[in-house]
Amino acid sequence: MKPLPHVLILGAGYAGLMAASRILRSREANVTVITTRSRFEQRIRLHEVLTGRPVQSPSIRDWLGHRHARLVTDRVLDIDVVGKSVTTRTARYAYDYLLFALGSEVDRSAVPGAAQHAVFIDGQADTSALSRRFRSLQDTGGNVVFVGAGLTNLESASELAERFPALRITLVSRGRLFDDFSDQGQRYLRFACRRLNIRLLEGREVQRVTETAVMLTDGSRLEADLTVVAAGFRASGLGRQLTRSAPDITLDPRGRIPCQPDLSVGPDKTVWIAGDACHLAADNQRPYRMGCVLALPMGAHAGENIVRTIRGRETRDFRFGFMFRCISLGRRDALIQWTGRDDTPLAKVTTGHRAVRIKEWVCRLTCLAPKWELKTGLRLYRWPQPRNADVHAEGGQYDAG
Ligand SMILES: Cc1cc2nc3c(=O)[nH]c(=O)nc-3n(C[C@H](O)[C@H](O)[C@H](O)COP(=O)(O)OP(=O)(O)OC[C@H]3O[C@@H](n4cnc5c(N)ncnc54)[C@H](O)[C@@H]3O)c2cc1C
């Protein structure tokens with residue numbers, strides 16, 4: 001009997017595990033998942049970890065109980081797309097198909113001095129250790145400065161302000177705050193920050209971070225007992241190695257790899273990509289943003305296309321239609337910004353307890369989707385399509401079993 005092809009999945013985040021579930025259910029490939037962590041990290045709940053809330057990190061091995069699946073806990077060091085192999089700290093793995101789903105991390109070099117003097121919300125263990133520092137700062141009413149006003153910092157600052165009200169929290173933003181929300185959304189976010197006593201400094205550029213302060217380019221100095229920097233995510237640096245077989249591919253400014261609309265990279269459909277590491281233009285020509293909102297469907301779609309390729313079938317283009325963005329503002333408040341399918345904010349927002357319930361439901365779903373699919377072998381997760389999606393793409397349908 002012909003041996004099954006070997007699919008190597010790098011990364012066991014939202015994208016990697018959704019891809020694994022779609023490939024394993026076909027029973028037409030052996031799948032090896034390589035990841036640094038043997039437990040599933042709910043990255044979208046790291047701001048909860050920041051205040052000491054217990055957040056589950058389930059065992060990936062328990063989810064990957066399939067007879068064609070193997071989990072390797074190791075760090076990927078090198079990818080050889082010409083020789084079709086991956087080198088980790090301890091071994092080398094050959095593959096027939098490769099899925100790159102190594103995600104992203106906070107860009108530590110975005111602000112001078114940050115790498116030495118700031119802290120980053122990255123990884124459950126480190127974030128959990130940080131929570132103890134915030135707790136002790138609360139006793140002295142310490143100053144915490146957040147550099148960058150993206151959603152990670154906003155959610156983290158809100159969570160901290162609600163849990164540790166004696167902290168004096170400042171959020172510094174280079175541009176105008178919340179300008180990709182509707183007027184109603186912007187007003188509510190400002191209201192929530194006022195209520196939580198979060199000072200907003202917008203249109204201010206950070207020059208550098210020192211041990212005790214954040215220096216701005218206008219010469220002012222913000223006292224900081226702790227500085228948190230989340231001034232953007234960068235895709236895994238290993239992405240550069242994927243472009244070796246296709247030198248005409250250039251990474252985008254955030255280190256993401258441009259791919260074909262079906263999520264393949266390069267000419268021969270052996271290398272695939274999904275999640276934060278992937279640069280793919282949506283119908284409106286803007287690249288899909290980083291977020292687990294896209295990592296889950298991209299992972300599932302890449303997995304399905306790998307199965308189609310193994311079967312010698314045509315692959316399908318990835319399509320996605322947005323519906324809303326959800327931002328938690330502590331445990332008792334949240335904002336749901338409803339959007340058009342192209343992610344343009346609509347006037348409609350939902351706030352307060354209803355929004356908290358929606359946000360919590362979304363967070364649960366992001367963990368339950370890969371878990372349930374891997375455990376049951378059923379294709380349970382679907383995602384919305386753009387309004388003009390063709391019938392084949394409807395609801396993430398596919399024909400791989
Ligand atoms: C505090 C916070 C809140 C967020 N909230 C939201 C939200 O509300 N909505 C939203 O859509 N997004 C949110 N995000 C972003 C979201 O978490 C990411 O977009 C998502 O995790 C990307 O999924 P991924 O599968 O591409 O990568 P990841 O989840 O980052 O997974 C990458 C995987 O690769 C592994 N890995 C990395 N490097 C190596 C290596 N060298 N060797 C082996 N394994 C490696 C990791 O261990 C991990 O298993 C939030 C992020 C943060 C930090």
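**A ligand between two domains**

Student: How many residues of the shell around the ligand are nonpolar?
Tutor: In this predicted model, local features need pLDDT of at least 70 and side-chain atom pairs pLDDT 80 or more, while totals for chains, interfaces and linings use all residues. Residue numbers run from 1 along each chain as its sequence is written. Five residues of the shell are charged (Asp, Glu, Lys, Arg) and twelve are polar (the others, Gly among them). The nonpolar class (Ala, Val, Leu, Ile, Met, Phe, Trp, Tyr, Cys, Pro) has 15.

Student: Which residues are closest to the ligand?
Tutor: Altogether, 32 residues surround the ligand (backbone-placed C-beta within 6 Å). The closest are Gly11, Gly13, Gly103, Gly275 and Gly291.

Student: Where does the ligand lie relative to the domains?
Tutor: An automatic or database assignment sets the domain bounds: domain 1 is 6-106 + 234-396, and domain 2 is 114-231. Both give residues to the shell around the ligand, so the ligand lies between them.

Student: How many residues does domain 2 bring to the contact with domain 1?
Tutor: The C-alpha centres of the two domains lie 28 Å apart. Where they touch (backbone-placed C-beta atoms within 7 Å), domain 1 supplies 25 residues and domain 2 supplies 30.

Student: How many residues are in the largest nonpolar core?
Tutor: Such a core joins buried Ala, Val, Leu, Ile, Met, Phe, Trp, Tyr and Cys through C-beta atoms within 7 Å; buried takes 20 or more other C-beta atoms within 10 Å. Leu99, Trp272 and Ala274 are among the residues with the most contacts inside the core, and Leu99 touches both Trp272 and Ala274. The core's total is 64.

Methods: A residue is buried if 20 or more other C-beta atoms lie within 10 Å of its own, exposed if 12 or fewer, and partly exposed in between; C-beta atoms are placed from the backbone. Two residues are in contact if their C-beta atoms, placed from the backbone, lie within 7 Å. Lists of a residue's contacts leave out its neighbours within four places in sequence.
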